[in-house]
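Thank you all for coming. I would like to take you through one model this morning, beginning with a word on terms and then going from the overall fold to the place where the chains meet.

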Protein chains: 2
Amino acid sequence: MRVISRIDEVHEFLDEVRAQKKTIGLVPTMGFLHKGHIALIERSIKENDITMVTIFVNPLQFAEGEDLSSYPRDLHNDKEQCDAAGVDLLFSPSHEEMYSQQVLTSIQIKDLTNNMEGESRPTHFSGVATVVAKLFNIVGLCNAYFGEKDWQQLQIITKMAHDLSFRVRVFGCPTVRHSDGLALSSRNAYLTPKERKSATVLSRSLQKASETVQSGERSTSVIMAQIIEEISTEPLVSLDYIEIVEGRSLKSINKIKEGSRILLAANVGEARLIDNVDPYVGIQ
Amino acid sequence: MRVISRIDEVHEFLDEVRAQKKTIGLVPTMGFLHKGHIALIERSIKENDITMVTIFVNPLQFAEGEDLSSYPRDLHNDKEQCDAAGVDLLFSPSHEEMYSQQVLTSIQIKDLTNNMEGESRPTHFSGVATVVAKLFNIVGLCNAYFGEKDWQQLQIITKMAHDLSFRVRVFGCPTVRHSDGLALSSRNAYLTPKERKSATVLSRSLQKASETVQSGERSTSVIMAQIIEEISTEPLVSLDYIEIVEGRSLKSINKIKEGSRILLAANVGEARLIDNVDPYVGIQ
């Protein structure tokens, strides 16, 4: 595995790859890799000749007072995991390499960024879109893999890639979970054992809601009330939002149907956790 | 010359060009080509193996009430001029090809877009940046040529290309002028003969100001007053703004020095005209 930190080295490496007509899979991450990331990497390896992972904790997507400084990092372990998984190229740039000048440019995606995470973190998605656009430009023509755990982010990046004609095909990959249902997240590292146990209510409530939908219930208010009630049984879990939306446009709906998505966010101790489900499929 | 209207045809054409290790020069335009555009094309031809011109009147950069519907168009003549100039590829997409979905994505460049054109046309540069980003993505690795007449636009695109790591080198080319000094512009077509004559005061005032600077005057307020007085002698010309700024950052300055730029905009009849000068060089 090649490990590089400079943008011009990426160009050099990938231009050679492309000259050989090889396809490139891209897995952009903020590091502290877990099995969710590894699932993205494995899918990329399966579908592409060359797989590139990027590790960069992007300050643009953290607001003042969020967990930028405490965000977990372990580049040594990340490298070992990437190497073991069969990654060809690991790009781990410094802040100075990515932002050598003061960044004046930002990307906005309207409508998709107003609700849910966008409401709780108003500058977050602009920061995500901007760094992802930059990574897409650095890499060029490729297939890019993102987790469905960040469902809203996935829709935003998909839309941005279309609107700006990036030569990047964006793929979403199913959320990877612990055996008790908790979605894998780097931020789970913040949880105490007690909080860790309480946090399982998130996926459990989404699974129960999915079962209710599969039994014939279609009213979003009924389903939301059921989830709110379930989560209220865990005093350590403080719900931020619960929304049921059309899965692509992220517009709120009254009646659940094919393509609907249930999404929630909650604070559990120091951790802000998110999860979502296709109620016709349920937690898997 | 190949004339194509579909994005996937551009990819096909340019992928083949790149496979042959040929360099690509890009000249993005809104059509109704004049000798200013042809100068960009000639520079591109000189510096690249393949030259591509794009013609697209981009609705995103026109505000409600601006001249989108009346903006001059003559695709037949544009094709002839491109062919005669030695262009290899003319990309002239339909609105539907460029914006097949409702566009939700936009690009903002702060600081550089606040004053001058940005103040008079608050949504203009976001529209320019968004379509230029899209064209850069469609074309990929290339050298791109823009006119210095749109000096503020040139600085904004240069900064965007850096911030988002586009693999595009952005080059500015000197403004081309009629023999009486008027900067070439598609919008000159709106001028009556009388207005056309009055409009020469713009470049004349910039030239006189440059001479004053070259004689030793450094005060921006003195220079601005001189230009305002000169322009006030032409009743058909209504000054919108006059600014003296640091040429890259576009920040207002009090004392003129190397790298300063004088920019102005004025309404002349139906036409909104802009012009600018490096006062150490003058109108050429």
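When I speak of helices and strands, I mean DSSP runs, with at least four residues of H or I for a helix and at least two of E for a strand, numbered from the N terminus. With that in hand, one loop can be placed at once: in chain B, Ser165(B) is found between α7, residues 151–163, and β7, residues 168–173. Please keep in mind throughout that this is a predicted model. I will come back to that serine at the end.

Let me turn to chain A as a whole. Chain A has ten helices and ten strands, and its C-alpha atoms fill a box of roughly 55 × 40 × 40 Å along the principal axes. For 284 residues one would expect a compact globule to have a radius of gyration near 19 Å, and because chain A has 19 Å, the expectation and the model agree. Buried residues account for 43% of the chain. If we take the contacts in chain A between residues at least 6 apart in sequence, 70% of them join residues that are at least 24 apart.

Now to the sheet. Six strands of chain A form an open sheet, with parallel pairing, in the order β1-β4-β3-β2-β6-β7. At the edges lie β1, residues 2–4, and β7, residues 168–173, each of which pairs on one side only. From one strand to the next, the twist averages 25 degrees. Helix α1(A) packs on this sheet, where it touches β1, β2, β3 and β4 of chain A, and its direction makes about 145 degrees with that of β1(A).

That helix allows a simple check. The 13 residues of α1(A), 7–19, should span 18 Å at 1.5 Å a residue, and the end C-alpha atoms are indeed 18 Å apart, so the two agree. After α1(A) comes Lys21(A), whose phi is positive, near 60 degrees.

Towards the other edge, β6(A), residues 142–147, runs parallel to β7(A) and is joined to it by six bridges; within that pairing, Gly147(A) has Cys173(A) as its bridge partner. Helix α7(A), residues 151–163, lies across β6 and β7 of chain A and runs at about 165 degrees to β7(A).

What does chain A bring to its contact with chain B? On each side 25 residues are involved, 25 of chain A being in contact with 25 of chain B. On the chain A side, β5, α6 and α7 each supply at least two residues, and β5(A) gives the most, with five. By type, the residues on that side divide into eleven nonpolar, eight polar and six charged.

The strands themselves meet here as well: β5(A) and β5(B), the latter being residues 105–109 of chain B, run antiparallel and are joined by five bridges. Among the paired residues, Gln108(A) has Ser106(B) as its bridge partner.

Finally, back to the serine. Most residues other than glycine have a negative phi. Ser165(A), however, has a positive phi near 55 degrees, and Ser165(B) likewise has a positive phi near 55 degrees. In chain A, Ser165(A) is found in the loop between α7 and β7. Is Ser165(A) buried or exposed? With 18 other C-beta atoms within 10 Å, Ser165(A) falls in between and is partly exposed, and Ser165(B), with 18 such neighbours inside 10 Å, also counts as partly exposed.

Technical notes:
Residues are numbered from 1 along each chain as its sequence is written. Chains are lettered from A and ligands numbered from 1 in the order in which they are written. This is a predicted model: local features need pLDDT of at least 70, side-chain atom pairs count only at pLDDT 80 or more; totals for chains, interfaces and linings use all residues. The expected span of a helix is 1.5 Å times one less than its number of residues. The radius of gyration is taken over C-alpha atoms; the globule rule is 2.2 Å times the number of residues to the power 0.38. A residue is buried if 20 or more other C-beta atoms lie within 10 Å of its own, exposed if 12 or fewer, and partly exposed in between; C-beta atoms are placed from the backbone. Two residues are in contact if their C-beta atoms, placed from the backbone, lie within 7 Å. Two strands pair if DSSP finds at least two bridges between them. Axes are lines fitted to C-alpha atoms, for helices over the stretch in contact, and angles run from 0 to 180 degrees between N-to-C directions. Ala, Val, Leu, Ile, Met, Phe, Trp, Tyr, Cys and Pro count as nonpolar, Asp, Glu, Lys and Arg as charged, and the others, Gly among them, as polar.
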